[in-house]
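Let's take a walk through this fold, starting with a bit of vocabulary and ending in the loops.

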Amino acid sequence: MNRILFRTRIKFCGFTRPGDVRLACELGADAIGFVFARNSPRRIEPEEARAMRQALAPLVDAVALFMDNPVDEVREVVRQIRPSLLQFHGDEDDAFCRGFGVPYLKAIPMGGELAQQHPAALHTRYPGAAGFLFDSHSAGGAGGSGKTFDWGRIPAGVQKPYVLAGGLTADNVFDAIIATLPWAVDVSTSIESAPGLKDGDKMRRFVEEVRRADCHVLD
Ligand SMILES: O=C(O)c1ccccc1NCC(=O)[C@H](O)[C@H](O)COP(=O)(O)O
């Protein structure tokens, strides 16, 4: 992909307060993630997510995140929130992920066996995916850990857009973008003061560093 004038998209994930959503949009987020995974400290109910959905600025995507949720739960979120993208972190297969009529991202656990496979295996296993999200958790583990993984493990030759996630911070996102040239970056922990509570200064610094990487001329 030609990176001249490329703009790395930014997804901020795990919101629980409408005011944080408004601020994130003003600061330049392209997508806002709402977590419906069970046992997550950032999990919200569909009713709460509706209020935050209304706080979204125009042209900013709402992403609904799941991890092995029952089909009825996903349906209910889709009905109430109307997300533009779904994100699946569990053992969901392509048929399940495609079954809601909304484009989806499949999270790939970089601590898990899928990470070792040839990219063709990812495409074969998830032909309907709009893209992949490489995150630091192991298979069966939850995201939002604040931990990084070895970016060198991202399979070369992935044909779909991919999102880099896992332990990104304002201090490492410049290097992460230069090293991996992702379509987008996704962050949760490092822009928080506590799980689910976002911090304006941390979000601003993160956006500034992504913009700095986008202005960096590659050799
Ligand atoms: O955020 C969670 O609590 C969560 C729980 C279960 C599955 C996935 C989860 N989050 C996934 C995300 O999209 C995070 O933004 C991504 O893992 C990066 O998180 P972090 O390492 O904290 O920046």
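First, the yardstick for exposure: a residue counts as exposed if 12 or fewer other C-beta atoms lie within 10 Å of its own, as buried if there are 20 or more, and as partly exposed in between. Keep in mind that this is a predicted model.

Put that yardstick to work on N39, which sits in the loop between β2 and α2 (46–54). Its phi is near 70°, a positive value in a residue other than glycine. That is worth a second look because most residues other than glycine have a negative phi. N39 has 7 other C-beta atoms within 10 Å, so this residue is exposed.

L181 makes a good companion case. Here phi is near 45°, again positive in a residue that isn't glycine, and the setting is the loop between α6 (173–180) and β8. L181 has 16 C-beta neighbours inside 10 Å, so it counts as partly exposed.

Now for the strands. Eight of them form a closed barrel, running β1-β2-β3-β4-β5-β6-β7-β8 with parallel pairing. On average, neighbouring strands of this sheet are turned by 25° against each other, ignoring direction. For a specific pair, look at β5 (residues 104–109) and β6 (residues 131–135), which are joined in the parallel sense over five bridges. One spot to find there is A107, whose bridge partner in β6 is L133.

Finally, the ligand. There are 25 residues around it, and C13, S40, G143, G144 and T189 come nearest. Strands β2 (31–35) and β8 (184–187) each contribute at least two residues to this shell. By character, the shell splits into nine nonpolar, 13 polar and three charged residues.

Conventions: Residues numbered from 1 in each chain as written. Predicted model: local features only at pLDDT ≥ 70, side-chain atom pairs only at ≥ 80, totals over all residues. Pairing = 2+ DSSP bridges. Helix = DSSP H or I, 4+ residues; strand = E, 2+ residues; numbered from the N terminus. Axes fitted to C-alpha atoms, helices over the stretch in contact; angles between N-to-C directions. Near = placed C-beta within 6 Å. Nonpolar A, V, L, I, M, F, W, Y, C, P; charged D, E, K, R; others polar.
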